Amino acid sequence: RLAARGITKGCNPPLNDRFCPGSVVTRGQMAAFIDRAVGLPDTAIDFFGDDDGTTFEEAIDRFAAAGITLGCNPPANDRFCPGHRMRRDHMATFLARALELEPIAPPPVEIDHRWPHTVTVITDSVVLGAKRYLEEGFSDWSVEVLGHPALMLHQAEDAYMNPPNDLGSMVAMAIGYNSLWQENRENFDKFSAKFDREADAIIAALRARGVYRIGWVTLREPSEEAIQTPQQIDQNERWGWYLPYVNERIRLLPERHEGVVVLDWAAVSQGPGITYDLIHLNTAGAQLMRDTIETDLGFGP
């Protein structure tokens, strides 16, 4: 039906006898799909500098003129990043704006202040870098950060979730970098099932200890602008490919476990200037991590 309506032409020009249903969609392709589906009006304004001469430049400019996109590098927003993979939350935003859907605000996550005012963060080396800022945050609540570098999911329960460790009324799990995957989603069902089993066991153990709210921190998926130094380029080539795999599994946790919330570091951490390598936090990143965990646990901005 998409092809019959002229919304897609195919994935292998000029022949265009294939659609490539299993391939990812880029931001440029998404702009073209919506442009053709909605019939956006022409514009003479060139909104972005990084799409000049590309196949999708005119569609992207119409996309921006209609207010469906602001850009990919706030606050400057002078780039569109047409070759970036399309995230599902961005796709939802584009479709909602294009179709002029009425926004529905989700109910706020509310804290019951009768709970003991304690928060525990269990983490590997990434959020250990924010330890100082986490312990200084969370007004009127005490925060304890537990963890060690290279902490794996199957190690976390034995190491930190049994007596004599005390756990807070809320726990933020910030692990997942040290998990096992194969490139190109090879044996993905096997490795995702392993991740799910271990995450489910952690959540069961936390609930058995009487934890009221459990949050899980997503992993950073850096943008091209954030991958600048030779070290960052090398790290991204070696293991940046599996970060979306882990986030896919984390974002499914609330579907299996009522009351578990996603602490969405990936949503706010794509840009440069917040890590000294690809994932480990500098001062600005540590403060942003604190704000992300606070907000998504329900403390507000």
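Begin by selecting Cys11 and Cys20, which form a disulfide with their sulfur atoms 2.0 Å apart; bear in mind throughout the tour that the model on the screen is predicted. A disulfide is a covalent bond between the sulfur atoms of two cysteines. Turn the view to look along the bond between the sulfur atoms, and the link of Cys11 and Cys20 is seen to be right-handed, with 60° about the S-S bond. If you then add the surface, Cys11 counts as partly exposed, at 29% relative accessibility.

The structure holds two disulfides, and for the other one you should select Cys72 and Cys81, whose sulfur atoms are joined at an S to S distance of 2.0 Å. The torsion about the S-S bond of Cys72 and Cys81 is about 60°, so this disulfide is right-handed. Which of these cysteines is buried, with a relative accessible area of 3%? That residue is Cys81, while Cys72 is partly exposed, with a relative accessible area of 23%. Numbered in sequence order, the bonded cysteines of the protein chain pair as 1-2, 3-4.

Next, select helix H1, residues 27-38, together with helix H2, residues 57-65, whose axes come within 8 Å and cross at roughly 70°. Since an angle of 65 to 115 degrees counts as roughly perpendicular, H1 and H2 are therefore roughly perpendicular to each other.

To examine the contact itself, show the side chains of Gly28, Ala31, Ala32, Ile34 and Asp35 in H1, which meet Ala59, Ile60, Arg62 and Phe63 in H2. The residues of this contact of H1 with H2 divide into six nonpolar, one polar and two charged.

Note on methods
Residues numbered from 1 in each chain as written. Predicted model: local features only at pLDDT ≥ 70, side-chain atom pairs only at ≥ 80, totals over all residues. Heavy atoms only, no water. Axes fitted to C-alpha atoms, helices over the stretch in contact; angles between N-to-C directions. Helix = DSSP H or I, 4+ residues; strand = E, 2+ residues; numbered from the N terminus. Parallel < 35°, antiparallel > 145°, perpendicular 65-115°, else oblique. Contact = heavy atoms within 4.5 Å. Nonpolar A, V, L, I, M, F, W, Y, C, P; charged D, E, K, R; others polar. Disulfide = S-S within 2.5 Å. Buried < 20%, exposed > 50% of the residue type's maximum accessible area, 1.4 Å probe, protein only.
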